[in-house]
Amino acid sequence: MTSSLDEAILRVLPTERDATAWLSTPEVRRRLEERGHRVGYTKKVQRHLTALEADARVVSMLNGRELLWQRKPWLHGLQEGMSGLMSASEAVAFHILQRFAGNKLPNAVTRDIDPLFKAAESRLSQETADSRIYRAWADKIDSVDGAFTLIRPKLRPEIFQTVATATFFERELLVQYRAAYRGERSDEPRTKKLWPLALVESAGAMYMVAQDPSRAPRPEKGETEWTRALYRLDRIRSVSESGESFTYPDDFKLRKYIETQQVFDFLPEPPVLLELAFEGNAGNQLRESPMSKDQKIDTLPDGRMKVTGTVTPSLKLRWWLRALGAGVEILAPQALRDEFAEDFAKLAKRYRTS
């Protein structure tokens, strides 16, 4: 039975047809480590190589006192002929995957499927009857942020790859993190151990959902679940693996976490019944894209559209309401109405004095 490490070894080994046809055991280990595979020590790689040679999947040669390795050429041949075996539909699928998600994958994945990306490019470049329309598809789709576009925070590639690799292999991280409220203080943030559970891109920034293993739930204080927090990757000052692995928690499901915790709405509050009155066409988008599952639409005596629904107040909700300006009036809850009234009074005073 081939293990995941065996498969990784077969992917990094060259064949007789490559420019560098042989690799030493330490070099095989180095390439595995580059892809994020933790092999521990060179002798472990040696044992796997020896077992693969016994299965006639790799061959070795002695160069002085050093063993060199290469894989049997059938695997290389399969990869070389991949573009010929790949359909146009498969080629465009891999091309789109590389375009939209290629920079979100750990090296352990991208380097292993790089031959598929290259094969897709080769397949789409062929002058066959079906290639043109499939090749053109990449220029017919794109993704645009619905909000005003800001320059995305710069993310250091080495930070992302370290976090992505640890998330992929479920390994503990040592993280120095500078939270936004701490500003650009000169003192070094303390190092904390974190278990990376997931990566999420939101509004142009990449976040890690992580669990602090030192903060277990305290039933005596009513805590029944582990606390999970967000860490924006561009705010990470330094990160490295601790050398320990962790058992991925059974109770964590990313989609459920996003939907129920609503952490990406930022500073969520308890749900409220929101009542809004819209001028003219300002609220028409809610007819096709409701703000809640229980949304109701009515007409007020003055002709304005009234929309009611249960929502979670948050920064994102406030940003959306403010973006509508005078086109919307908050009727309820009273606390949110008062908050906006106070804010707009301050703005009116500011603009009058200027």
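Helix α12 passes α13 in a crossing that is right-handed. In this predicted model, α12 covers residues 315–323 and α13 covers residues 334–353. The two helices pack with their axes 12 Å apart, at an angle of about 55°, and α12 and α13 are therefore oblique to each other. On the α12 side, the contact is made by R318, L321 and R322, which meet L336, E339, F340 and D343 of α13. Sorted by class, this contact of α12 with α13 holds four charged residues and three nonpolar ones, with no polar residue.

A second helix pair offers a useful companion case. Helix α6 (residues 88–101) packs against helix α7 (residues 107–125) at an angle of about 125°, and the axes lie 8 Å apart. That angle makes α6 oblique to α7. The crossing of this pair, α6 and α7, is left-handed. From α6, the residues A88, A91, V92, F94, H95, L97 and Q98 take part, and they meet L116, F117, A120, R123 and L124 of α7. The contact of α6 with α7 divides into nine nonpolar residues, two polar ones and one charged one.

It is worth stepping back to the whole chain at this point. The protein chain contains 13 helices and 12 strands. Its radius of gyration is 27 Å, whereas a compact globule of 354 residues would have a value near 20 Å. Taken along the principal axes, the box filled by the C-alpha atoms is roughly 90 × 65 × 40 Å.

Turning to the strands, five of them form an open sheet with antiparallel pairing, in the order β7-β6-β5-β4-β8. The edges are held by β7 (228–232) and β8 (236–245); each has a single partner strand, so one side of each is left without a neighbour in the sheet. On average, and with direction ignored, neighbouring strands of this sheet are turned by 45° against each other. Within the sheet, strand β4 (residues 171–177) pairs with β8 in the antiparallel sense over six bridges. One residue pair can be picked out here: Y177 has I236 in β8 as its bridge partner. Helix α10 (residues 254–261) packs on this sheet, where α10 touches β5 (191–202), β6 (205–211) and β7. The direction of α10 makes about 85° with that of β5.

Another open sheet has three strands, ordered β1-β3-β2 and paired antiparallel. Its edge strands are β1 (23–24) and β2 (58–63), and each of them pairs on one side only. Between β2 and strand β3 (residues 66–71), the antiparallel pairing runs over six bridges. Along this pairing, N63 stands opposite E66 in β3.

Further along the chain, strand β9 (residues 272–278) has pairings to β11 and to β12. With strand β11 (residues 305–311), β9 pairs in the antiparallel sense over seven bridges, and A277 has K306 of β11 as its bridge partner. With strand β12 (residues 328–332), β9 is joined by four bridges, and these two strands also run antiparallel. In that second pairing, E275 stands opposite A332 in β12.

Terms used
Residues are numbered from 1 along each chain as its sequence is written. This is a predicted model: local features need pLDDT of at least 70, side-chain atom pairs count only at pLDDT 80 or more; totals for chains, interfaces and linings use all residues. Side-chain values use heavy atoms; hydrogens and water are left out. Two strands pair if DSSP finds at least two bridges between them. Axes are lines fitted to C-alpha atoms, for helices over the stretch in contact, and angles run from 0 to 180 degrees between N-to-C directions. Angles under 35 degrees count as roughly parallel, over 145 as roughly antiparallel, 65 to 115 as roughly perpendicular and the rest as oblique. A crossing is left-handed if the near helix is turned anticlockwise from the far one by less than a right angle, and right-handed if clockwise. Contact means heavy atoms within 4.5 Å. Ala, Val, Leu, Ile, Met, Phe, Trp, Tyr, Cys and Pro count as nonpolar, Asp, Glu, Lys and Arg as charged, and the others, Gly among them, as polar. The radius of gyration is taken over C-alpha atoms; the globule rule is 2.2 Å times the number of residues to the power 0.38.
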